[in-house]
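This report describes the fold, the surface and the main pocket of one protein. Please keep the sequence and the structure in view while reading.

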Amino acid sequence: MIDQLSLFLHVLAAIGLVGGGIMQVMVGARLRRATTAADIARWGSFAQTAGVLMIVSAVVSLLTGGHLAGAVWTTDERSGFSYPFITLGMAALVVLAPVGPMLGGGRLRRIVERTHRRETAADLNALQADVRSSSVWGPVHSLVGVGVGLVWVMTAKPGWLATAVVLLGSFVLGWISGLLVSSRPRQSAARSTERRD
């Protein structure tokens, strides 16, 4: 019963991790199109709520994964932590997954705080440039990438090399997607400025 509940919570945590990341990615599209400081504050605050979901999901995933590694996958002959999908999956949760909330989420939080200061909120162009920055969206998108990689690793259970390649590769691909979307608003903003001139 405890093992089944742990498995259920473990899968639910994976859904929460990926779902929270997707939520931030979708809100990011709104943020990059925001035309007022109030819009940036509103959408930025909404994106931050997804961070809570992701943190809770990561903690639940670590706890239930540790339990399953010991109770289900460990035998007299072999430790559960000798399986690459367990050991490297937990390492990715501890090392790669926090990058998005710590770097991208941290920058986003500081941008939202600036919208509450009258002198900064008045400088809308600077706020818009910051909210469109690749230093925000590269890390945010990386979490979705590594989350998808973790789900694949949990289901396919490949060897050490394949697991490492999938986790690092999905992290990098997620980061690249963040770089790609963050460059588009700057280009469109530059075009609209040229048209006005």
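The protein contains eight helices and zero strands, where helices (H or I, at least four residues) and strands (E, at least two) are DSSP runs numbered from the N terminus. The order of elements from the N terminus is α-α-α-α-α-α-α-α. The model is predicted: local features need pLDDT of at least 70, side-chain atom pairs count only at pLDDT 80 or more, and totals for chains, interfaces and linings use all residues. Residues are numbered from 1 along each chain as its sequence is written, and side-chain values use heavy atoms, without hydrogens and water.

The overall values are as follows.

| Property | Value |
|---|---|
| Span of the C-alpha trace along its principal axes | about 75 × 30 × 20 Å |
| Exposed area of the protein | about 10,500 Å² |
| Volume of the largest pocket | about 430 Å³ |

Of the 197 residues, 43% count as buried (under 20% relative accessible area, with a 1.4 Å probe and protein chains only). Carbon and sulfur atoms supply 67% of the exposed area. Among contacts (heavy atoms within 4.5 Å) between residues at least 6 apart in sequence, 78% join residues at least 24 apart.

Which residues lie closest to the centre of the largest pocket? They are H10, G65, L68, F85 and M154, from a lining of 25 residues. Helix 1 (2-32), helix 2 (37-71), helix 3 (84-95) and helix 7 (134-156) each give two or more residues to this lining. A pocket is an open set of points on a 1 Å grid over the protein atoms alone, where a 1.4 Å probe fits, with protein on both sides within 12 Å along at least five of seven lines; lining residues have an atom within 4 Å of a point.

Conventions
Buried < 20%, exposed > 50% of the residue type's maximum accessible area, 1.4 Å probe, protein only. Areas by Shrake-Rupley, 256 points an atom, 1.4 Å probe, with all protein chains shown as cover. Points joined across faces, edges and corners; volume = space filled by probe spheres on them.
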